[in-house]
Amino acid sequence: MKVLITGAAGFIGSNFVRYAMKAHADWEVVVVDKLTYAGNLANLEDVAQAPRFRFHRADICDAGAIGRIFSQEKPDAVINFAAETHVDRSIDDPSLFLRTNILGTQTLMDVSRKLGVARYLQISTDEVYGSLGPAGRFSEDSPLQPNSPYAASKTAADLLARAYFKTYGLPTLVTRCSNNYGPYQFPEKLIPFFVTLLHEGKQVPVYGDGMNVRDWIHVDDHSRAVLAVLLHGKPGQVYNVGGGNERTNIEITKLLIAAMGRDASSMKFVPDRPGHDRRYAIDDAKIRAELGVSPQVPFEEGLEATVRWYLDNEAWWRAVLSGDYLTFYERWYANR
Ligand code: NAD
Ligand code: DAU
């Protein structure tokens, strides 16, 4: 099987490529990534030498480039991880989010349709459901009520997958996962941001009252679910993926402060994110029942290993913070 994976120079996509290539030694993997600020080829360095791995630098909104890559590679399946992903950036400037997340998805699905791709998996997010009060969980049938420009753009893409299935018969699948953590996450997101700040002896900025709740899942558990949906999911269907692990931001912050050997004075409260979703919680009964998938990584173990990874890979995040990783592409190809 040849799988074309977009956005795989980012956090989840790169972890998924590593996971899938290990699980399926006969798969050919074609990565397509624009290498935005969030794309880093160093994330793929250990798998990139494999003869069954190929990389194309391209924008998913560029129909010409995407059409040429698809005609050349003729993938059996497509997984779209590529997106603008940081909520705070979408509040600053929504336009890029709408372009990449909506028009990019449309471009990929149009080309997939023309080439008769056998399975198209859209990586969506639990943020499409909006925010919960203290009780209840999101099921696949919950109303879609996105609250940030990021979430709204992901909702549009998610619904395009439904529309392309209903209208054109493109065999689309959708996953809606909760907050991922693990290695290679860009240090603008809560956990790596706070670990790197604490390492520098700086204070970490907790938004609002810090009582917002997220459901944290290890990225390998997300990869396990994506693989199962790609291989065994039913076209036209949506699958929630969650960690069953709700934590307030204060709780996460305290765990990180303790893991880094610092004290409560390392935490400061700052003005809240506009439109900040209060609580996410996932009902993953469907993927458990239909595909036998459930999270395997205990949170305490996963978090400890993740903090250890950032401490052991200081060169990785220092290169990211300095912007040095942006030249990795040129260096990668210069060495071949
Ligand atoms: P990321 O920001 O780490 O990586 C995004 C990748 O997409 C980067 O490699 C970037 O270069 C690439 N990209 C961006 N615009 C592109 C374009 N126009 N053309 C080609 N490539 C482009 O993101 P992530 O956290 O790994 O998230 C991956 C996917 O998973 C996203 O679709 C996101 O919405 C979804 N998701 C993320 C989480 C999470 O907790 N991080 C949870 C649920 C779903
Ligand atoms: O739920 C899935 C989503 O999780 C994905 O779709 C998004 O791509 C991903 O970025 C993530 O969104 P969040 O907004 O939940 O993640 P973030 O790491 O930005 O923030 C997690 C929580 O921590 C959130 O309640 C905001 C808070 N926060 C974040 C930062 C960066 C702070 O309190 N301080 C901070 O500095």
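This passage looks at the site around ligand 1 and at the second largest pocket in a predicted model.

Start with ligand 1, which has 28 residues around it. Ile12, Asp33, Thr85, Tyr150 and Lys154 come closest. Two of the ligand's polar contacts go through oxygen: one oxygen atom of ligand 1 sits 2.7 Å from a polar backbone atom of Ile12, and an oxygen atom of the ligand is likewise 2.7 Å from a polar atom in the side chain of Tyr150. Nitrogen gets a partner too, with a nitrogen atom of ligand 1 lying 2.9 Å from a side-chain N or O atom of Asp59. As for exposure, ligand 1 on its own would show 840 Å², and the protein buries 97% of that.

Where does the shell come from? Helix 1 (11-23), strand 5 (119-125), helix 5 (149-168) and strand 7 (179-181) each put in two or more residues. Strand 5 has the largest share, with three residues. Sorted by class, the shell around ligand 1 comes out as 13 nonpolar, 11 polar and four charged residues.

Now for the second largest pocket, which holds about 270 Å³ of space. Its lining runs to 16 residues, and those closest to the centre are Glu140, Arg162, Arg176, Gly236 and Val238. Helix 5 turns up again here: helix 5 and strand 6 (172-177) each supply at least two lining residues, and the largest share, five residues, belongs to helix 5. By class, the lining of this pocket splits into seven charged, six nonpolar and three polar residues.

Note on methods: Residues are numbered from 1 along each chain as its sequence is written. Chains are lettered from A and ligands numbered from 1 in the order in which they are written. This is a predicted model: local features need pLDDT of at least 70, side-chain atom pairs count only at pLDDT 80 or more; totals for chains, interfaces and linings use all residues. Side-chain values use heavy atoms; hydrogens and water are left out. A residue is near a molecule or strand if one of its heavy atoms lies within 4 Å of it. A polar contact is a pair of N or O atoms within 3.5 Å; within protein, one must be able to donate a hydrogen and the other to accept it, and residues adjacent in sequence count only if both atoms are side-chain atoms. Accessible areas come from the Shrake-Rupley method with a 1.4 Å probe; for residues, only the protein chains shown count as cover. Helices (H or I, at least four residues) and strands (E, at least two) are DSSP runs, numbered from the N terminus. Ala, Val, Leu, Ile, Met, Phe, Trp, Tyr, Cys and Pro count as nonpolar, Asp, Glu, Lys and Arg as charged, and the others, Gly among them, as polar. On a 1 Å grid over the protein atoms alone, a cavity is a set of points where a 1.4 Å probe fits but cannot get out, and a pocket is an open set with protein on both sides within 12 Å along at least five of seven lines; lining residues have an atom within 4 Å of a point. Grid points are joined across faces, edges and corners, and a volume is the space filled by probe spheres set on the points.
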